[in-house]
Amino acid sequence: MFKAAFALALLFCTTLLATEPTQTVTFNRSFGSAALPTFDRGYLLFLHHSNAIEVWGPDGQLAFETQVNNPPQAVVMSAAVDGRGAFALGVADISAGGIAFLDPSGKRIRFIATGKYLPSHVCFDADNNLWTFGWQRDSAQNGREDPEDYPLFRKYSPDGKQIGAFLSRSLFPRPGLSPGSPSGGFLRLRISGNRIGALAYAGKRSETREWIELALDGSLIGHWKIGREGSGSGGMAFTSSNALCRERFESSVPHAECFDRETKAWKPVGNVALTEDNGRSLGILLGADGDDLIFGSSGGNIRLSRVQITLP
């Protein structure tokens, strides 16, 4: 869907590799001062750290804006779009969590209460099952993490029924941040063709992270320490070929690199320039569409650029 919309909305091409162009679509909106938008299936999903969500379609046009007013004090933590153009929002209020399901126009069609479990991050698989990655409050509802063990992931069928809960919190150290704590903008949960990947906090600081991968039956494939994020990071992506890639800056020059699970090291993607001919950066790595990396820049209006890479 995104590739077709991208082709229709193609504004211009600049040479990236000898045979590969960068395609760019412009949105009539800037990033603004809030958290970066979530990129999913060609959509930009803006969460405003409140009960509001703003959705821009793959054609660069505003699709809808809406608010979650029930529960009354709900905060939208995450959002995802499925293969039919419908949406799910992970929400939480002062006492409980939940998932709001919206149709393609933004109208709410279903709400699922998740109790103490807060679905900080949400993502649909190819069968339109919803996966969540989150954390659990304790019974006192004081905002602290549950001291008992609990599953970090949950899986819901297209009709909203919970059909699985996976991966114990005890895999990660305590004391420490909840591995599935919320965050805005950058990738934390994504699904490729045959697995789901999540970026988890794995210590007392958010810069200390591990990458988790589960099979679609919920079994653990592996988890890897991927190093501290640091000030030179510019976003991450999980491609359909199961490549975990990130953007890094050296002397203000951006480059792409992907994680080698065997050596547990990041390897540069060769012969890929993340700037246009005029030297302007393609912006921040927001995610992937298939095996292409998607970058967003905003010198006013947002521009999304598609970059075709050859994995190292």
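Helices (H or I, at least four residues) and strands (E, at least two) are DSSP runs, numbered from the N terminus. Two strands pair if DSSP finds at least two bridges between them.

The model is predicted: local features need pLDDT of at least 70, side-chain atom pairs count only at pLDDT 80 or more, and totals for chains, interfaces and linings use all residues. Residues are numbered from 1 along each chain as its sequence is written, and side-chain values use heavy atoms, with hydrogens and water left out.

**Whole chain**

Start with everything shown. The protein has 25 strands and one helix. Of its 312 residues, 55% count as buried; buried means under 20% relative accessible area, exposed over 50%, and partly exposed in between (1.4 Å probe, protein chains only). The accessible surface comes to about 13,300 Å², and carbon and sulfur atoms hold 49% of that area. Accessible areas come from the Shrake-Rupley method with a 1.4 Å probe, and for residues only the protein chains shown count as cover. Among contacts with a separation of 6 or more, 45% are between residues 24 or more positions apart. Contact means heavy atoms within 4.5 Å.

**Strands β11 to β14**

Select 117-124 and 130-136. These are β11 and β12, which run antiparallel and are joined by six bridges. Their hairpin has five residues between the strands, and N128 there takes a positive phi near 65 degrees. Seven of the seven residues of β12 are buried, so this strand is largely enclosed by the rest of the structure.

Next add 151-156, strand β13. Four bridges join β12 to β13, again with an antiparallel run. To follow the register, pick T132: in β12 it is the bridge partner of V122, and its own partner in β13 is R154.

Now add 162-168, strand β14, which runs antiparallel to β13 and is joined to it by five bridges. R154 stands opposite A165 here. In this hairpin, with five residues between the strands, G160 takes a positive phi near 90 degrees.

**Nonpolar cores**

Show the side chains of F133, L152, F153, L189, I212 and L214. In the largest nonpolar core, which has 21 residues, these touch the most other members. A nonpolar core is a set of buried Ala, Val, Leu, Ile, Met, Phe, Trp, Tyr and Cys residues joined through side-chain atoms within 4.5 Å. At least two residues of this core come from each of β11, β12, β13, β14, β15 (189-191), β16 (195-201) and β17 (208-215). Then select V68, A79, V81 and L102, which are among the 16 residues of a second, separate core.

**The cavity**

Select T38, S78, H121, F186 and R188. Of the 16 residues lining the largest cavity, these lie nearest its centre. On a 1 Å grid over the protein atoms alone, a cavity is a set of points where a 1.4 Å probe fits but cannot get out; lining residues have an atom within 4 Å of a point. β7 (75-81), β11 and β15 each give two or more residues to the lining. The space inside is about 140 Å³, and a search of the whole structure finds one cavity of 30 Å³ or more. Grid points are joined across faces, edges and corners, and a volume is the space filled by probe spheres set on the points.

**Last stop: G300**

Centre on G300, in the loop between β24 (292-298) and β25 (302-308). G300 counts as partly exposed because its relative accessibility is 36%. Beyond its neighbours within four places in sequence, G300 is in contact with R29 and S30. F31 is 269 residues from G300 in sequence, with 8.2 Å between the two C-alpha atoms.

Definitions and conventions. 1 Å grid on protein atoms, 1.4 Å probe; cavity = no way out; pocket = protein on both sides within 12 Å on 5 of 7 lines; lining within 4 Å.
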